[in-house]
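Here are two short exercises to work through with the structure open beside you. Try each task before reading its solution.

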Amino acid sequence: MHRLPIWFFLCCGLALTAAPILAQTAPTPWPTEGWTTSTPEAQGLNSAKLAEMIENIVVTDLNIHSVLVVRNGALVLEAYRYPHTAETLHHIYSCTKSFTSALVGIAQEQGFISSIEQPLLDFFPERTVANLDEAKKSITIEHLLTMSSGLDWPGGILEPIMGDLRASDDWLQFVLDRPVSSNPGEQFLYNSGGSNLLAAIVETATGQPMLDFAEENLFKPLGITHLSWQTDPQGHYLGGWGLHLEPRDMAKFGYLYLNGGQWDGQQIIPAEWVATSTQKHISSQPLSDGYGYQWWVDHNGYYMALGYGGQYILVYPEKNLVVVFTSGLAPTSFSQPESFFERFILPAVEADTALPENPEGTAALEEAIESLAN
C-alpha cells in the first residue's frame, strides 16, 4: 500500500469477563449503553498476536494512549496507557473531519442542503470575498469534501499556513479570501480550512450551532454524551479539528459506518452517503491511495479517519472490524498505529467463526495490557 508518511501532519484493560459471543451467530449488538465484550478467540482473532502488539508498544515506549479492537460488534481488546482510561477525553484532531462529513450528509438528507453541487459562496452571501473569480465561484460543497477546492493552501499536508489562519481576525474569512491556484475538482490539496467551511455551511443551512445539530442527530442516538468541541474566535464550531471524545465513542462512530449508517433500527446517516463518502474520489498519493468525503481510503479495502499525533478510526467492512488508536506521538511516529494495524491486528483475524480457546494467548494479552496500564 501507499502508506502515509511518518511525518504526516493531520489536523485499563481488556474486558474478558463476559460470556463469549460466537462470531456471526448472534444478532448485531448495539453499544448505545455500552459495548458487549468478548475474548478475541470467540470472534475469530488470535489473542497471542494482539498481545505481541501491546508488548511491542510497551517495549518501544511508544506514546500510544489507547487501542480498541471491535469485531462482530464485540469489544475484544481495550488497552490504555497510564494515566489514560476509558473515560479520558482525547482531542481527535483531524478525525473531526469525518464527523463533519457525516453532518453534511445528514443535513442534506433532511433537506437543509439541496445538493453537494451547491456553490460554496451560496452559504456566505453577506461576506465580501477577496480574489473572487469564476474559478472561486465554481467551488462546490463536494470540492470541499474531497479536498479539491483549488484554494491556495501553501505547504500541503504540513499546513504551515495554519499559523496565519490562527493569527487572522476571522478564520472563515481567511479561507474564503484565499486565491484559487488550481481548477476546482482537479487536484487534491490538504486543507483544514476547507473543513472549517463545511462546518460553517452546516450551521448556516440548519440555522443552529453545529454541535446542537450533531448532538440531536448523531451523538444522542449513539449514546455519546461525554464530549467537547472547540470553536474559532467568532464562535463557529471547527470542522477540521477540535472534537474531543472517549475512545469507546470513537469506536461507536466507526461501527456506525461499518453498518452503513444504521444504528439499532434507525438510519442515522444515509446509507448512500456512507458508501459514497468512503470511496475514492480523488488520488491523494503519495500520502495515501485515495480520498473520499473527508475519509482516507486504502486500496486493500479499509478506510480511515486520521488525526495529528496518531489518532485513528479504521474501518474494514470485509473483516467486520473497527479499530481505534489514540496517541501522543511525535511527527516521526504518526503512522505507527496504521503499521500496527497491518502488522498485528489484521494477521490476528484468522477466521470468521470462533477459534478454540487460547488460555496462554489470553493470559499473555492480559499481562501485556496490565504492563501498558502501569
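**Exercise 1: a charged patch**

In this predicted model, Glu52 has a relative accessible area of 44% and is partly exposed.

Task: Which residues form the negative surface patch, and which helix gives the largest share?

Solution, step by step:

1. Start with Glu52, which sits in helix H1. Partly exposed covers values between 20% and 50%, and Glu52, at 44%, is therefore partly exposed.
2. A patch residue needs over 30% relative accessible area and no salt bridge. Glu52 is listed in the negative patch along with Glu55, Glu366, Glu367 and Glu370.
3. Now look at the helices: H1 (47–60) and H12 (359–373) each supply at least two residues of the patch.
4. The largest share, 3 residues, comes from H12.

**Exercise 2: an aromatic pair and its cluster**

Task: How many aromatic pairs does a search of the whole structure find? Then take Phe99 and Phe219: what is the geometry of their pair, and are the two residues buried or exposed?

Solution, step by step:

1. The search of the whole structure gives 26 aromatic pairs.
2. In one of these, Phe99 and Phe219 lie 6.3 Å centre to centre with 45° between the planes, which is a tilted arrangement.
3. Place both partners on the chain: Phe99 belongs to helix H2 (residues 96–109) and Phe219 to helix H8 (residues 210–222), so the pair links distant parts of the chain, 120 residues apart.
4. Check the surroundings: Phe99 and Phe219 are both buried.
5. Finally, widen the view. Ring pairs join Phe99 and Phe219 with Trp229, Tyr237, Phe253, Tyr257, Trp295 and Tyr303 in a cluster.

How values were computed. Residues are numbered from 1 along each chain as its sequence is written. This is a predicted model: local features need pLDDT of at least 70, side-chain atom pairs count only at pLDDT 80 or more; totals for chains, interfaces and linings use all residues. Side-chain values use heavy atoms; hydrogens and water are left out. Patches are made of residues with over 30% relative accessible area and no salt bridge: like charges are joined within 9 Å, nonpolar side chains (Val, Leu, Ile, Met, Phe, Trp, Tyr) within 5 Å. Accessible areas come from the Shrake-Rupley method with a 1.4 Å probe; for residues, only the protein chains shown count as cover. A salt bridge is a side-chain nitrogen of Lys or Arg within 4 Å of a carboxyl oxygen of Asp or Glu. Lys and Arg count as positive and Asp and Glu as negative; His and the chain ends are not counted. The place of a charge is taken as NZ of Lys, CZ of Arg, CG of Asp or CD of Glu. Helices (H or I, at least four residues) and strands (E, at least two) are DSSP runs, numbered from the N terminus. Buried means under 20% relative accessible area, exposed over 50%, partly exposed in between (1.4 Å probe, protein chains only). Rings of Phe, Tyr and Trp (its six-membered ring) pair if their centres lie within 6.5 Å; planes under 30 degrees apart count as stacked, over 60 as edge-to-face and the rest as tilted.
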